[in-house]
Amino acid sequence: MKAAILEAYNSPLVVKEVQDPTLTPDGVIVKIEASGVCRSDWHIWAGHLPVKELPIILGHEIAGVVEEVGKEIKNFKKGDRVIIPFSQSDGVCPHCQAGHHNVCDTRTVVGADFNGGFASHIHIPRADLNLIALPDSISFIEASAMGCRFVTAFHGVMTQGRVRAGDWVSVYGSGGVGLSAIQIAAVAGANVIAVDIGDDKLEMAKKFGAVHTVNSKRDNPVEAIKEITKGGSHVSIEALGITDTCVNSILSLAKKGRHVQIGASSNENFGATPIPLNLVTVNEIEIVGSAGMPNPDYRTLLRMVETGRLNPGALVTNEISLEDVNKTFEDMNGYGGAGMTVITKF
């Protein structure tokens, strides 16, 4: 099969023919129809999130069709349409048993711990647990758009952020995760303020439900949000992983507010970032992490997409071939491009 392979950090992916994946008794092989190019892939490529070992096939926003099934598989058959959660779990640890598959004790990540979706085919182990059936009414591109950024935003907004109708919600960064968070929070009835340095991205944010936008190149975002909300946001979501936006997100909050950290940091020591700790203490601010989404929550999200309440496919602005993935990484170096890019030609 053809695949785009990371052989060295900060070097172009090598697109070449490689051996087809090998089927295991508890696994399935999926023919990939759409695979998103996520900023997390860029973080891996840049060495900010080192993988288990090189070389490796990147890619973790995947939808496709089951092509082969192992002899132990009970829930899937050849021809089934599926979406692949990027966070894979064992189903037996205490966290999985409590429904928190995304923080499984033996969690593995597609395209980081084993070969991912920048290829025509992928093997998924423990597939009865780690595959999600994709309804016929949802396209592969829509499913790929959900693959990481949208599901991560859904969990961050709805579960970790506990966003409610009428809340003021500020979202720092209007890339894939940020735009997803804006759409989800707006559908939940929140008043969303989008913060970014690109006017093109802020225009997209308006289309997905932002009631106010702040260009932080021109205006102080903390002052602007405090003025708009008359005191600060109830929830602030950081979708970039940059020190300045993390600190500003916390400073933008009202008393008793919640900062939800979704963006992965390139800082050393696990993303060590100085924060205004005394303000957090005095204003009783919550700082909450958010990583992926538990498998049981896919059912709720898919229903909302099927009924048209959420539209992840609208975030896809660019379809590319496998050979074009390096150009997408180059754009990400300068935070260029708006919306999501999905590989549809393998």
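Helices here are DSSP runs of at least four residues, numbered from the N terminus. In this predicted model, Thr 328 is found in helix H12, which covers residues 325-333.

## Thr 328 in helix H12

With a relative accessible area of 7%, Thr 328 is buried, because the term applies to residues under 20%. Once its neighbours within four places in sequence are set aside, Thr 328 is in contact with Val 37, Ile 320 and Thr 341. Val 37 is 291 residues away from Thr 328 along the chain, yet the C-alpha atoms of the two residues are separated by 7.7 Å.

## The three-stranded sheet

Strands S2, S1 and S4 form an open sheet in the order S2-S1-S4, with antiparallel pairing. Its edge strands are S2 (14-17) and S4 (56-57), each of which pairs on one side only. Strands of a sheet pair through backbone hydrogen bonds, in either a parallel or an antiparallel sense.

Strand S1, made up of residues 2-6, pairs with S4 in the antiparallel sense over two bridges, and within this pairing Ile 56 of S4 is the bridge partner of Leu 6. Towards the other edge strand, S1 and S2 pair in the antiparallel sense over four bridges, where Val 14 of S2 is the bridge partner of Ile 5. Four of the five residues of S1 are buried, so this strand is largely enclosed by the rest of the structure.

## Helix H4 and its helix partners

Two packed helices are described by the angle between their axes and the distance between the axes. The table gives these values for two contacts of helix H4 (residues 140-160).

| Helix pair | Angle between axes | Distance between axes |
|---|---|---|
| H4 and H11 (residues 298-306) | roughly 120 degrees | within 12 Å |
| H4 and H5 (residues 176-187) | about 50 degrees | 8 Å |

At roughly 120 degrees, H4 and H11 are oblique to each other, because the angle lies outside the range of 65 to 115 degrees for roughly perpendicular axes and is not over 145 degrees. The crossing of H4 and H11 is right-handed. On the H4 side this contact is made by Glu 142, Met 146, Gly 147, Phe 150, Val 151 and Phe 154, while H11 contributes Tyr 298, Thr 300, Leu 301, Leu 302, Met 304 and Val 305. By character, the residues of the contact of H4 with H11 divide into nine nonpolar, two polar and one charged.

H4 and H5 are likewise oblique to each other, and H4 passes H5 in a right-handed crossing. In this contact Arg 149, Phe 150, Ala 153, Phe 154, Val 157 and Met 158 of H4 meet Gly 176, Val 177, Ser 180, Ala 181, Gln 183, Ile 184 and Ala 185 of H5. The residues of the contact of H4 with H5 divide into nine nonpolar, three polar and one charged. Phe 150 and Phe 154 of H4 appear in the contact with H11 and also in the contact with H5.

His 155 also lies in helix H4, and with a relative accessible area of 6% it is buried. Not counting residues up to four places away in sequence, His 155 touches Asn 102, Gln 160, Ser 290, Ala 291, Gly 292, Met 293, Pro 294 and Asp 297.

## The six-stranded sheet and the helices on it

A second open sheet contains six strands in the order S13-S12-S11-S14-S15-S16, and here the pairing is parallel. Strand S13 (210-215) and strand S16 (286-289) are the edge strands, each pairing on one side only. From one strand to the next, the twist averages 20 degrees.

Strand S12 (residues 191-196) and S13 run parallel and are joined by five bridges, with Val 192 standing opposite Ala 210 in S13. Helix H8 (residues 243-251) packs on the sheet, where it touches strand S11 (168-172), S14, S15 and S16, and its direction makes about 150 degrees with that of S15. H4 lies across strand S14 (233-238), S15 and S16, and runs at about 150 degrees to S15.

Strand S15 (residues 253-261) includes Lys 256, which is exposed, with a relative accessible area of 52%. Lys 256 touches Asn 283 and Glu 284, residues up to four places away in sequence not being counted. Lys 256 and Phe 86 are 170 residues apart in sequence, and their C-alpha atoms are 32 Å apart in space.

Notes. Residues are numbered from 1 along each chain as its sequence is written. This is a predicted model: local features need pLDDT of at least 70, side-chain atom pairs count only at pLDDT 80 or more; totals for chains, interfaces and linings use all residues. Side-chain values use heavy atoms; hydrogens and water are left out. Buried means under 20% relative accessible area, exposed over 50%, partly exposed in between (1.4 Å probe, protein chains only). Contact means heavy atoms within 4.5 Å. Two strands pair if DSSP finds at least two bridges between them. Axes are lines fitted to C-alpha atoms, for helices over the stretch in contact, and angles run from 0 to 180 degrees between N-to-C directions. Angles under 35 degrees count as roughly parallel, over 145 as roughly antiparallel, 65 to 115 as roughly perpendicular and the rest as oblique. A crossing is left-handed if the near helix is turned anticlockwise from the far one by less than a right angle, and right-handed if clockwise. Ala, Val, Leu, Ile, Met, Phe, Trp, Tyr, Cys and Pro count as nonpolar, Asp, Glu, Lys and Arg as charged, and the others, Gly among them, as polar.
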